[in-house]
Amino acid sequence: MPDVNLSVNLAGVTLNNPVVVASGAFGFGREYNQFYDLSELGGICAKGLTLHPRMGNPAPRVAETPMGILNSVGLENPGVDAFIKEELPFLRRFDTKIIANISGNTPEEYGVMCEKLSAAGVDMIEVNISCPNVKAGGLAYGTRPELAAEVTETAKKHANGVPVMVKLSPNVTDITEIAKAAEGAGADALSLINTIRGMRIDVSTRRPVLRMNTGGLSGPAVLPVAVRMVWEVAQAVKLPILGMGGVSKGADAAQLMLAGASAVAVGTALFTDPFAPLKVRDGLAEIAGRQGLSAVSELTGGVKPW
Ligand SMILES: Cc1cc2nc3c(=O)[nH]c(=O)nc-3n(C[C@H](O)[C@H](O)[C@H](O)COP(=O)(O)O)c2cc1C
């Protein structure tokens, strides 16, 4: 292994290495802990939490696509209180940063969850703004700058100093507008991208393959979209970025870092290879070493655009 410093800083939080696992692909880590010590990870974005437990959407809710998957899991989770009581003590056993991911139907719900999670001692709160705002007729918070700003401001107010990272949706015309709104409202970091809305139809039955008709696309197919969006956002704001979308090897992560990400997350790749994050980490170290860098963080923002 080349002698490269792997640690990175994300909004004042030091990660042992730049590879985090993405929310929703890792549950609360218990299954993966059978494969390796979770302290090997730079951080863990826990499964998305809501104020109250949720059953999620009816099946089928995951389908394969070429180089990716479509999912409409619908935020199945035990609720924030159960996470704090049952899952956080387990996750806290490891030398890794714990990032709670939250979704709400109103800004107030985000605020209540931030109060609870900051008191419980998570390292960061990732605010998922891809969920519908019930008051604004179901319009996703992440699609309108003013709604994104409202949620960010409320989250910050109630996070008691715990860094707030706003997770952007790619399902917009100009992602930099939302990024700037979150920055203006006090976000400490941004993460992107969430899944891209998609649909598959079974031609013989003429039924959509997912019970919800549409779902979110993730996996290697989305990497170029993620790289493009991270690059655009990195130029538009000063906030640190956790880049994700389609990462399955070191070179994928290096692309996101060169585009401007300080750290990367691995999601869908975990479903085919539970060791993917560790391979991504080692691949990144090798690339940095080969390029003569002493720290992997030197990759951040290093793209040389034409
Ligand atoms: C099955 C599944 C569940 C997900 N659940 C969440 C979630 O609860 N909260 C969230 O912010 N993102 C969720 N995501 C999005 C991922 O965290 C990530 O942003 C996206 O999948 C792109 O990364 P990837 O291509 O490496 O999977 C989920 C993705 C998948 C595939």
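At what angle do helix α4 and α5 pack, and how far apart are their axes? I started my notebook with that one.

**Entry 1, ground rules.** I am looking at a predicted model, where local features need pLDDT of at least 70, side-chain atom pairs count only at pLDDT 80 or more, and totals for chains, interfaces and linings use all residues. Residues are numbered from 1 along each chain as its sequence is written, and side-chain values use heavy atoms, with hydrogens and water left out.

**Entry 2, the helix pair.** I found that α4 (residues 175–184) and α5 pack at about 45°, with axes 9 Å apart. That makes α4 oblique to α5 (under 35 degrees is roughly parallel, over 145 roughly antiparallel, 65 to 115 roughly perpendicular, and the rest oblique). Axes are lines fitted to C-alpha atoms, for helices over the stretch in contact, and angles run from 0 to 180 degrees between N-to-C directions. Helices (H or I, at least four residues) and strands (E, at least two) are DSSP runs, numbered from the N terminus.

**Entry 3, the barrel.** I traced eight strands closing into a barrel, in the order β3-β4-β7-β8-β11-β12-β17-β18, with parallel pairing (two strands pair if DSSP finds at least two bridges between them). From one strand to the next, the twist averages 25°. Looking closer, I saw four bridges joining β8 (residues 124–128) to β11 (residues 164–167). Glu126 has Met165 in β11 as its bridge partner.

**Entry 4, helices on the sheet.** I checked α5 (residues 223–236) too: this helix packs on the sheet and touches β12 and β17 (contact means heavy atoms within 4.5 Å). Helix α8 (residues 276–290) lies across β3 and β18, at about 165° to β3.
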